[in-house]
Amino acid sequence: MFRTECQSGSELGNLAASILKRGGLGDDGIVNKIVASRISRPDCAGGFLLDGYPRTVPQAQYFSHLLDERGLPSPIVIHLEAPHEELVARLTARRQCPAV
């Protein structure tokens, strides 16, 4: 969502891109606006899947209000738990040297 919004040339995308170029992170306000914009598109009318959002309590509160405001059902939340060692093994297996 962030990449697409940044590449769109929209005011919100330009703001997000400028923050990311400085190495910053988008605050809750920017993240919420990007999510709200994205889920308003026709391809989300039948439902959508969000991975990694909401990340903060204020984002969750905003999202809950947004769903209520738009007459959308409460989300189904899936919490996956995995052993730390398994996660580290999977992540380190993905590392690649860009020079090779």
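Reader: How much space lies in the second largest pocket?
Author: About 260 Å³ of space lies in the second largest pocket of this predicted model. A pocket here is an open set of points on a 1 Å grid over the protein atoms alone, where a 1.4 Å probe fits, with protein on both sides within 12 Å along at least five of seven lines; its volume is the space filled by probe spheres set on the points.

Reader: Which residues lie nearest its centre?
Author: F2, V31, G52, Y53 and R55 do, out of 13 residues in the lining (an atom within 4 Å of a point).

Reader: And which helix gives the most to that lining?
Author: Helix α3, residues 28–39, with four residues. Helices are DSSP runs (H or I, at least four residues), numbered from the N terminus.

Reader: Which residues of α3 are buried?
Author: I30, V31, N32, I34, V35, A36 and I39 are buried (under 20% relative accessible area, 1.4 Å probe, protein chains only). V31 is also among the residues nearest the centre of the second largest pocket.

Reader: What do the buried residues of α3 pack against?
Author: They pack against α1 (2–8), α2 (11–21) and α4 (57–69), with heavy atoms within 4.5 Å.

Reader: What happens at the start of α3?
Author: A side-chain oxygen of D27 comes within 3.1 Å of the backbone nitrogen of G29.

Reader: Changing topic, how much space lies in the largest pocket?
Author: About 810 Å³. Its lining has 23 residues, and L49, L50, P75, I76 and V77 lie nearest the centre.

Reader: Any conventions to note?
Author: Residues are numbered from 1 along each chain as its sequence is written, and side-chain values use heavy atoms, without hydrogens and water. In this predicted model, local features need pLDDT of at least 70 and side-chain atom pairs count only at pLDDT 80 or more, while totals for chains, interfaces and linings use all residues.

Key. Helix = DSSP H or I, 4+ residues; strand = E, 2+ residues; numbered from the N terminus. Buried < 20%, exposed > 50% of the residue type's maximum accessible area, 1.4 Å probe, protein only. Polar contact = N/O pair within 3.5 Å; in protein donor to acceptor, adjacent residues only side chain to side chain.
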